[in-house]
Amino acid sequence: MMVNCCGLLTSQKEPVPLKSVEVELEVRDHVATVVSTLNYENKEDKPLEAVFVFPLPGDAAVCHFSAKIGQTQIVAEVKEKQEAREEYDDALSSGQQAFLLEESEQSPDIFTLSVGSLPPGESASIRLEYVTELAVQADEGLRFCLPAVLNPRYQPQGSEGGNVQVTSVQVTSVQVTSVPASLVPYSLSFSARVSSPRPVSKVESNCPLDPLQYLNTEQTQTTVKMAAGHKFDRDVELLIYYKDAHQPSAVVEAGQASSKPGTLMGDPVVMLSLYPEFPQAVMSSVASCGEFVFLLDRSGSMQGARIKSARDTLLLLLKSLPMGCYFNIHSFGSSYEHIFPKSVEYNQKTMEEALKNVEGMEANLGGTEILKPLKHIYSLPCIPSQPRQLFVFTDGEVGNTKEVTNLVKQNSGSHRCFSFGIGEGASSALINGLAKEGGGHAQFITGTDRMQPKVMQSLRFALQPAVVDISVKWDLPKGVSVTALSPPITALFQGQRSLIYAQLTGQSSEASEGCVTVKYSLAGHPSQSQLHFSLKPAEDTGLTVHRLAAQTLIRSLEMEERERIGKEDEGVKKKVVELSVQSGVSSAFTAFIAVNKGNSEVIQGPLVRRNVPTAGRMRRSCPGAPMMRMMCSPMPKSCDALVDMCCRMPQPSPMSCDAPMRKASKAMGIKKKCSLKSTEKSLPEPPPRDPLLQLVSLQKASGCWVLDPDLAAALGKTSEEVEKPKPASVNQEVWATILALIWLHGFKMDAQEEWELLAMKAVSWLRAQKASCVTECVEAGNTLLGCTVQKDALGL
């Protein structure tokens with residue numbers, strides 16, 4: 001009933017023509033080629049037009065699209081978008097079979113596939129191929145994500161792209177239909193082949209996998225399959241681990257024989273993967289300045305575990321900030337809020353005030369309008385000598401992705417942006433775009449991932465000194481020239497990869513080797529990273545590198561075109577279309593079109609449209625929200641707004657309310673008509689707080705702990721047990737801080753990346769006290785807590 005009310009289609013209500021999805025993944029080092037086959041079958045007695053809107057990785061370069069009907073294979077061409085649409089419409093009106101694949105104009109990670117004039121009883125097999133770079137994770141794994149879940153994207157009023165209806169995303173005038181995971185009517189089969197110059201140590205996934213199969217004794221090639229029976233009800237995440245992953249590498253790929261020399265596709269293209277190493281002396285000193293701005297998504301879709309995890313993460317972040325910095329916390333939904341009117345200096349008073357606010361934060365601000373709070377943050381003046389670091393936490397359900405990333409780029413000179421995509425279906429185009437245009441780093445938190453380790457890694461990046469004066473210098477033999485295809489490098493972080501694409505024109509009879517040098521300055525120290533590479537093209541790489549290079553150049557040109565809005569210059573758009581057609585890679589201004597012109601038989605009968613549902617996360621309504629009222633009310637503009645509407649509705653009975661609602665009823669003077677005693681007795685106890693977070697919450701802004709009953713409880717002791725063994729000459733705060741550090745090292749080493757920064761702050765505080773008897777304290781603390789932590793391990 002709920003499903004039908006929201007306008008969702010199920011297999012019971014209408015025959016759905018998409019029957020299965022087969023995905024073959026080939027990973028070569030850190031580049032992936034993905035081939036998806038979508039199998040359609042028309043079991044109706046009328047010809048069908050099947051429309052399927054689905055997500056792809058935001059940086060994917062779609063490079064092949066073909067259809068097979070019976071024994072006939074039709075390969076699509078890339079054409080200017082309007083021309084392709086007109087050709088598709090003309091084919092349908094003349095009774096021909098046609099296929100159209102186009103990218104959303106608002107978000108490059110959403111595609112629409114239209115399968116036109118599929119006759120009764122006929123089957124069609126659609127083949128879609130794309131290439132993508134694999135991002136490096138905090139634990140050095142390479143992450144591949146096959147997006148399955150397309151969440152409704154919230155489109156603010158007045159922004160580009162029009163409105164988004166509830167449970168629908170307006171994408172090039174086509175609506176997305178989403179259903180609960182259990183009702184997705186098509187299956188997924190998934191297999192992967194991984195090869196690398198380095199051994200593959202392991203492959204992990206959020207979905208069940210069959211055992212890894214190595215293809216050679218060096219373990220540099222392996223295959224893996226998803227276990228049978230998987231429903232395409234969540235994003236499929238694959239993490240690939242190589243031995244010695246952080247090695248610079250270069251791949252030179254030969255040009256296409258049929259393309260003209262001097263063009264992108266006709267010349268060799270080089271892809272460089274660099275891992276700059278920073279001087280240890282610079283990296284050992286953590287910055288003690290900066291303006292840290294946290295922007296938290298509090299829209300309805302962040303309900304439950306997401307908002308709780310975000311609150312816990314903000315606690316760790318606030319405890320880990322260095323004394324002397326500035327900070328503020330902003331949050332947003334349909335409206336936005338902030339804790340302080342402008343960033344304030346970090347001290348005990350401001351930290352406590354911020355934490356008090358964070359504890360009360362709920363996912364109750366409606367839709368996902370991120371543009372307005374970003375504009376507000378950028379309107380606030382930067383603080384001299386305090387570099388601005390922006391942390392954005394969102395489930396990424398926005399429809400105006402390009403507007404948002406454009407705004408971040410316009411302000412990239414004044415800050416670095418670190419982004420976090422929370423949950424299934426977070427827009428990779430938004431999360432990666434924020435970090436890329438903001439010179440920061442992107443992280444994705446899905447499934448049972450803990451948010452804290454990934455966020456703390458990004459905080460470590462933010463505390464690294466900014467790398468400036470970055471330049472790339474090429475040294476090539478005489479007769480060979482280079483054209484850079486990648487935008488200038490704007491950010492470098494210790495241990496992170498930088499990819500560079502370049503076109504090589506001409507040949508040399510002298511030398512077969514080239515060299516590239518990346519120079520930069522870090523905290524006043526000039527440094528460089530260098531890589532020598534062979535100019536001889538690698539064998540059997542297809543055109544993967546060319547297509548990724550073309551995609552990189554296309555995205556740069558599209559950004560340039562968006563910055564020219566309102567100017568009479570069609571030159572950039574024309575360049576994008578030419579490059580897209582030449583390389584066979586999709587863009588915002590082109591589409592793939594295939595028409596079965598060989599089929600002389602005209603398809604008879606009226607054409608019926610069927611929107612194929614994709615997996616979507618259904619929002620939980622708030623406790624006590626009356627379902628019948630919700631179903632019969634006019635639908636708000638998004639599912640986030642739907643949750644917001646539920647939260648604001650009058651409650652029919654206090655029996656169904658949660659504790660905050662009961663308090664609200666009491667405050668308004670509403671009398672209870674029945675006893676709640678039996679209900680309250682049956683309510684589950686709230687889960688105990690994580691012992692780590694309990695201890696962290698007691699740390700002072702300066703880095704120390706105070707010897708009090710709360711600390712004793714966090715350590716699992718009584719006040720008397722904690723106070724008795726304290727050496728007489730040591731003050732209470734020094735003793736308390738050493739005990740906290742011993743507990744962290746003794747019991748929570750598995751979560752070290754979460755507490756490492758706040759522990760460093762505690763050690764700095766202890767050193768500043770110049771306390772005597774530290775060795776005696778460590779020995780007494782170990783005895784009390786039952787640990788064997790060495791003084792050196794604590795950093796004392």
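# A guided tour, starting at Glu87

Select Glu87: apart from its neighbours within four places in sequence, this residue is in contact with Lys79, Ile593, Val595 and Lys597. The model you have open is predicted, so please keep that in mind at every stop. Now colour residues 81-93, which form helix α2, the home of Glu87. Show the side chains of Glu87 and Lys79 as sticks, and you can find a polar contact of 2.7 Å joining them.

**Step back for the whole chain**

Zoom out and switch to a cartoon view. How many helices and strands does the protein chain have? The secondary structure comes to 21 helices and 36 strands. The chain has 796 residues, and buried residues make up 56% of them. If you turn on the surface, you are looking at about 33800 Å² of accessible area, with 51% of it belonging to carbon and sulfur atoms. Contacts also reach along the sequence: among those between residues at least 6 apart, 75% join residues at least 24 apart.

**Strand β34 and its partners**

Two of the contacts of Glu87, Ile593 and Val595, lead us to the next stop. Select residues 590-595, which make up strand β34. Is this strand largely enclosed or open to the outside? Of its 6 residues, 6 are buried, so β34 is largely enclosed by the rest of the structure. Look along the strand and follow the side chains: Thr590, Phe592 and Ala594 point one way, while Ala591, Ile593 and Val595 point the other way, and all are buried.

Next, add strand β6, residues 77-80. This strand runs antiparallel to β34, and 4 bridges join the two. To find one of the matching places, pick Glu77, whose bridge partner in β34 is Ile593.

Then add strand β7, residues 98-103, which is also antiparallel to β34 and is joined to it by 5 bridges. Here, click on Ala98 and look across to Val595 in β34, which stands opposite.

**An open sheet of 4 strands**

Now move to another sheet. In what order do its strands lie? The order is β10-β11-β19-β16, with antiparallel pairing, and these 4 strands form an open sheet. Colour β10 (135-136) and β16 (200-205) to mark the edges; each has a single partner strand, so one side of each is left without a neighbour in the sheet.

Inside this sheet, select β11 (residues 142-146) and β19 (residues 236-242), which run antiparallel and are joined by 5 bridges. Leu142 is a handy place to click, as Ile240 in β19 stands opposite. While you are here, show the side chains of Lys202 and Tyr241: Lys202 lies over the face of Tyr241, at 4.6 Å from the ring centre.

**Ser249 and its contacts**

Select Ser249, found in strand β20 (residues 249-253). Its relative accessibility is 16%, and because buried means under 20%, Ser249 counts as buried. Leaving aside neighbours within four places in sequence, the residues in contact with Ser249 are Asp29, His30, Met271, Leu272, Ser273 and Leu531. Try a distance label between the C-alpha atoms of Ser249 and Leu531: they are separated by 7.7 Å, although these residues are 282 apart along the chain.

**A walk among the rings**

For the last part, show the aromatic side chains. The count comes to 10 aromatic pairs. Begin with Trp474 and Phe533, an edge-to-face pair at 6.3 Å centre to centre, with 90° between the planes. Trp474 lies in strand β29 (residues 467-475) and Phe533 in strand β33 (residues 525-534), so this pair ties together parts that are 59 residues apart in sequence. Both partners are buried, with Trp474 at 18% relative accessibility and Phe533 at 3%.

Now compare Trp743 and Phe747, whose rings form a tilted pair: 5.9 Å centre to centre and 45° between the planes. They sit 4 residues apart in helix α19 (residues 732-747), which means about one helical turn separates them. Which of the two is buried, and which is partly exposed? Trp743 is buried at 7% relative accessibility, whereas Phe747 is partly exposed at 42%.

Finish by selecting Phe294, Phe391, Phe393, Phe418 and Phe420 together, and look for the ring pairs that link these residues into a cluster.

Conventions: Residues numbered from 1 in each chain as written. Predicted model: local features only at pLDDT ≥ 70, side-chain atom pairs only at ≥ 80, totals over all residues. Heavy atoms only, no water. Polar contact = N/O pair within 3.5 Å; in protein donor to acceptor, adjacent residues only side chain to side chain. Contact = heavy atoms within 4.5 Å. Buried < 20%, exposed > 50% of the residue type's maximum accessible area, 1.4 Å probe, protein only. Areas by Shrake-Rupley, 256 points an atom, 1.4 Å probe, with all protein chains shown as cover. Phe/Tyr/Trp six-rings, centres within 6.5 Å; stacked < 30°, edge-to-face > 60°. Lys NZ or Arg CZ within 6 Å of the ring centre and 35° of its normal. Pairing = 2+ DSSP bridges.
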